[in-house]
Amino acid sequence: MPSPTTYGLFVLAALTLLVIPGPAVLYIVGRSIDQGRAAGIASVLGVTTGTLIQIGLATVGLSSLVLASAIAFDVVKYAGAAYLIVLGIMRLRSRRTAIVQGDRGPRTLRRLYTQGVIVNTLNPKTALFIFALLPQFVDVEAGHVWLQVLVLGLTLSCLGLLSDGLYAYVAGTVADRMRGSRAIARIERWFGGTVLVGLGIAAAAVGRPASS
C-alpha cells in the first residue's frame, strides 16, 4: 500500500490535474448544456465507469500492451474518435428545437450513460493519463504493485467523479434555467454537436508516448 505521505501527494496531484478541464470534462459539459443536468450526471457516471475499466486494464497490465503496440493503440484511438464524431454529427443533424421532459426519461439517461462508458473506455488520453500519473506514486520495493495501482486508480476515479459531477451540476443547472426558446435549443444543438466532433478530431490526433 502507498505510504500516507505518498498517498497524500497523489491526491493533491490528482486534484490539481482534475480541475484543469480536459476532453472528459468538455464532453460532460457539452452534454449538460445540450441536454440538461440529469443528462450531465448520467454522462459523468458513464465516464467514471469507463475510467474504472481503464484502471482495471492498467492493473492487469493490458493497457500497457495497448500503449506499446502501434496497431492496437491506433485501433482504440480511431474507434473512439469515430464514435465521438458520429455522435456529434447525429446531434448536429437533429432537427428538434426543444427538449421535452419525456426525452430525458430512463431510456435516454441509460443511453447517455452507455455512451459515456464507451467514450472514456476508448479514450487514449485516459490511458495515457493513468500511465503517466500512477507509476510516479508506486513503490516497487514495497511489493504488491498491482494493489497499489488499484488503490491509486480507485482514488483517481472517486476524485474524478466528484470533480466531473460538479462541472455537470453547474453547467446543467445554468442550461436548464435558460432552456425554453427555439434559439436556445438551436444553440444547444450546435454547441453539443460541435464539442463532440471536436473531441473526436482531437482524439484522433493523440500520439503514442515516445518511450513506447
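In which helix does Ser-157 lie? Ser-157 lies in helix α8. That helix is a good guide to this predicted model, and the route below returns to it several times.

Begin with the whole chain. The protein chain has nine helices and zero strands. Read along the sequence, its pattern is α-α-α-α-α-α-α-α-α. The chain holds 212 residues, and buried residues make up 43% of them. Now take the contacts between residues at least 6 apart in sequence. Of these, 86% join residues at least 24 apart.

Helix α1 comes next. It covers residues 4-18. Its 15 residues, at 1.5 Å a residue, should span 21 Å. The end C-alpha atoms of α1 are 21 Å apart, so the expected span and the model agree. Which residues of α1 are buried? They are Phe-10, Ala-14 and Leu-18. Seen down the axis of α1, these buried residues fall within an arc of 60 degrees, so they line one face of the helix. The other side of α1 has exposed residues: Pro-4, Thr-5 and Leu-12.

What do the buried residues of α1 pack against? They pack against α7 (124-133) and α8 (145-178). Look at the pairing with α8. The helices α1 and α8 pack at an angle of about 35 degrees, and their axes are 10 Å apart. Their crossing is right-handed. On the α1 side, the contact is made by Tyr-7, Phe-10, Val-11, Ala-14, Leu-15 and Leu-18. On the α8 side, the residues include Val-151, Leu-152, Thr-155 and Leu-156. Tyr-167 of α8 also takes part.

Move on to helix α2, residues 23-35. Its 13 residues should span 18 Å at 1.5 Å a residue. The end C-alpha atoms of α2 are 18 Å apart, which agrees. The buried residues of α2 include Val-25, Tyr-27, Ile-28, Val-29 and Gly-30. Arg-31, Ser-32, Asp-34 and Gln-35 of α2 are buried too. After α2 comes Gly-36, whose phi is positive, near 105 degrees.

Helix α2 also packs with α8. The angle is about 25 degrees, and the axes are 8 Å apart. Angles under 35 degrees count as roughly parallel, so α2 is roughly parallel to α8. The crossing of α2 past α8 is right-handed. Val-25, Ile-28, Val-29, Ser-32 and Ile-33 make the contact from α2. From α8 come Asp-164, Tyr-167, Ala-168, Ala-171, Gly-172 and Ala-175. Tyr-167 is thus named in the contact with α1 and in the contact with α2.

Helix α3 covers residues 37-60. It packs with α7 at an angle of about 50 degrees, with axes 10 Å apart. The two helices α3 and α7 are therefore oblique to each other. The crossing of α3 past α7 is right-handed. Thr-51, Gln-54, Ile-55 and Ala-58 of α3 meet Thr-126, Ala-127, Ile-130 and Phe-131 of α7 in this contact.

Two loop residues come next. Asn-123 lies in the loop between α6 (106-121) and α7. Is Asn-123 buried or exposed? Its relative accessible area is 11%, so Asn-123 is buried. Leaving out residues up to four places away in sequence, Asn-123 touches Pro-23 and Gln-54. Gln-54 is also part of the α3 contact with α7.

Leu-134 lies in the loop between α7 and α8. It is buried, with a relative accessible area of 2%. Leu-134 and Val-149 are 15 residues apart in sequence, and their C-alpha atoms are 6.6 Å apart in space. Neighbours within four places aside, Leu-134 is in contact with Phe-10, Ile-55, Val-149, Leu-152, Gly-153 and Leu-156. Phe-10 was met above among the buried residues of α1. Ile-55 was met in the α3 contact with α7.

Now return to Ser-157 of α8. Its relative accessible area is 5%, so Ser-157 is buried. Which residues does Ser-157 touch, not counting residues up to four places away in sequence? They are Thr-48, Thr-51, Leu-52 and Ile-55. Ile-55 is thus in contact with Leu-134 and with Ser-157.

Methods
Residues numbered from 1 in each chain as written. Predicted model: local features only at pLDDT ≥ 70, side-chain atom pairs only at ≥ 80, totals over all residues. Heavy atoms only, no water. Helix = DSSP H or I, 4+ residues; strand = E, 2+ residues; numbered from the N terminus. Expected span 1.5 Å × (residues − 1). Buried < 20%, exposed > 50% of the residue type's maximum accessible area, 1.4 Å probe, protein only. Arc of directions from axis to C-beta. Contact = heavy atoms within 4.5 Å. Axes fitted to C-alpha atoms, helices over the stretch in contact; angles between N-to-C directions. Parallel < 35°, antiparallel > 145°, perpendicular 65-115°, else oblique. Left-handed = near helix turned anticlockwise from the far one by under 90°.
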